[in-house]
Amino acid sequence: DAGSPSLYSVTTFVLTISGNAGISLLQERYAFTICENATNNTLIGTITPTVPNLELLPTPTSIKFDSLTGEIRVRPGLDYENIPQLTFSIVTTSNPIIILGTLVVYVNNIVDVSPLLPQTTYNIDLPIDTPANNAVWCIPALIQSEEDAVVTYSLSTPLFAVDTDGVIVLTESIVEDTP
């Protein structure tokens with residue numbers, strides 16, 4: 001009718017099909033995590049059916065699904081900023097289609113910008129009697145755009161340690177024969 005205002009209602013249907021001839025999955029919900037920009041064809045995970053020939057609905061474009069083996073693999077261009085999570089129904093290819101479970105693929109965000117360091121080389125002069133556990137330098141990394149970016153610092157020497165803020169700490173006292 002042409003009534004005003006428009007009226008509508010929402011109804012949720014739960015359809016249970018009994019007698020599915022033993023078609024099942026080892027679990028009803030599969031969840032996997034993959035880093036964005038993963039190499040093409042990287043294995044994300046495997047769905048283990050009791051029968052072959054499953055499908056994912058809607059048809060995936062960001063991942064590949066092998067209906068015989070249950071393997072889920074990366075397609076080029078998997079990007080967190082565009083699709084942070086993929087959700088599919090796992091269904092049979094038989095008629096009628098039977099929904100067996102759910103597949104969720106979480107895409108981890110990788111910082112797309114490199115941290116900028118003010119310089120590439122630092123020379124630090126320390127006196128011989130510098131005590132251990134003393135902060136001797138701080139190297140602040142600058143991130144230009146990613147809000148959730150985390151910088152991980154590391155040093156390849158046991159004489160110093162670096163914390164999550166780029167503060168370099170002497171791990172043992174410097175004595176005359178310390179290299």
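**Strands, sheets and cores in an all-strand model**

Among contacts in the protein between residues at least 6 apart in sequence, 59% join residues at least 24 apart. The model behind this value is predicted. Its secondary structure consists of 10 strands and 0 helices. Along the sequence, the pattern therefore reads β-β-β-β-β-β-β-β-β-β under the DSSP assignment. The protein has 179 residues, and 25% of them count as buried. Its accessible surface is about 12,400 Å². Carbon and sulfur atoms account for 53% of that surface.

Three strands form an open sheet in the order β2-β5-β4, with antiparallel pairing. Strands β2 (43-46) and β4 stand at the edges, and each has a single partner strand, so one side of each lacks a neighbour in the sheet. From one strand to the next, the twist averages 20 degrees. Strands β2 and β5 run antiparallel and are joined by 3 bridges. Within this pair, Gly 45 has Ile 72 in β5 as its bridge partner.

A further antiparallel pair is made by β3 and β6. Strand β6 covers residues 85-92, and 4 bridges join it to β3. Leu 57 stands opposite Ser 89 in β6. Strand β3 itself covers residues 54-57, and its side chains alternate. Leu 54 and Leu 56 point to one face and are buried. Glu 55 and Leu 57 point to the other face and are not buried.

Leu 56 also belongs to the largest nonpolar core, which has 21 residues. Leu 56 is among the residues with the most contacts inside this core, together with Ile 44, Ile 47, Ile 63, Ile 72 and Leu 103. Several strands build the core. Those that give two or more residues are β1 (29-35), β3, β4 (63-65), β5 (71-74), β6 and β7 (99-108). The largest share, 4 residues, comes from β7. In soluble globular proteins, nonpolar side chains tend to be buried together.

Which residues does Leu 103 touch, not counting those up to four places away in sequence? The list includes Ile 47, Leu 56, Ile 63 and Ile 72. These four are also named among the core residues with the most contacts. Leu 103 touches the aromatic residues Tyr 30, Phe 32 and Phe 88 as well. Its other partners are Leu 86, Thr 87 and Ile 90. A second, separate core has 6 residues, and Ile 139, Leu 159, Ile 168 and Leu 170 are among them.

Two residues of this second core, Ile 168 and Leu 170, lie in strand β10 (residues 167-170). Which way do the side chains of β10 point? They alternate along the strand. Ile 168 and Leu 170 point to one face and are buried. Val 167 and Val 169 point to the other face and are not.

Strand β10 pairs with two other strands. It runs antiparallel to β8 (residues 135-138), and 3 bridges join the two. Here Val 169 in β10 is the bridge partner of Ala 135. Strand β10 also runs antiparallel to β9 (residues 160-162), again with 3 bridges. In this pair, Val 162 stands opposite Ile 168. Strands β9 and β10 form a hairpin with 4 residues between them. In this hairpin, Gly 166 takes a positive phi near 90 degrees.

Notes: Residues are numbered from 1 along each chain as its sequence is written. This is a predicted model: local features need pLDDT of at least 70, side-chain atom pairs count only at pLDDT 80 or more; totals for chains, interfaces and linings use all residues. Side-chain values use heavy atoms; hydrogens and water are left out. Buried means under 20% relative accessible area, exposed over 50%, partly exposed in between (1.4 Å probe, protein chains only). Contact means heavy atoms within 4.5 Å. Accessible areas come from the Shrake-Rupley method with a 1.4 Å probe; for residues, only the protein chains shown count as cover. Two strands pair if DSSP finds at least two bridges between them. A nonpolar core is a set of buried Ala, Val, Leu, Ile, Met, Phe, Trp, Tyr and Cys residues joined through side-chain atoms within 4.5 Å. Axes are lines fitted to C-alpha atoms, for helices over the stretch in contact, and angles run from 0 to 180 degrees between N-to-C directions.
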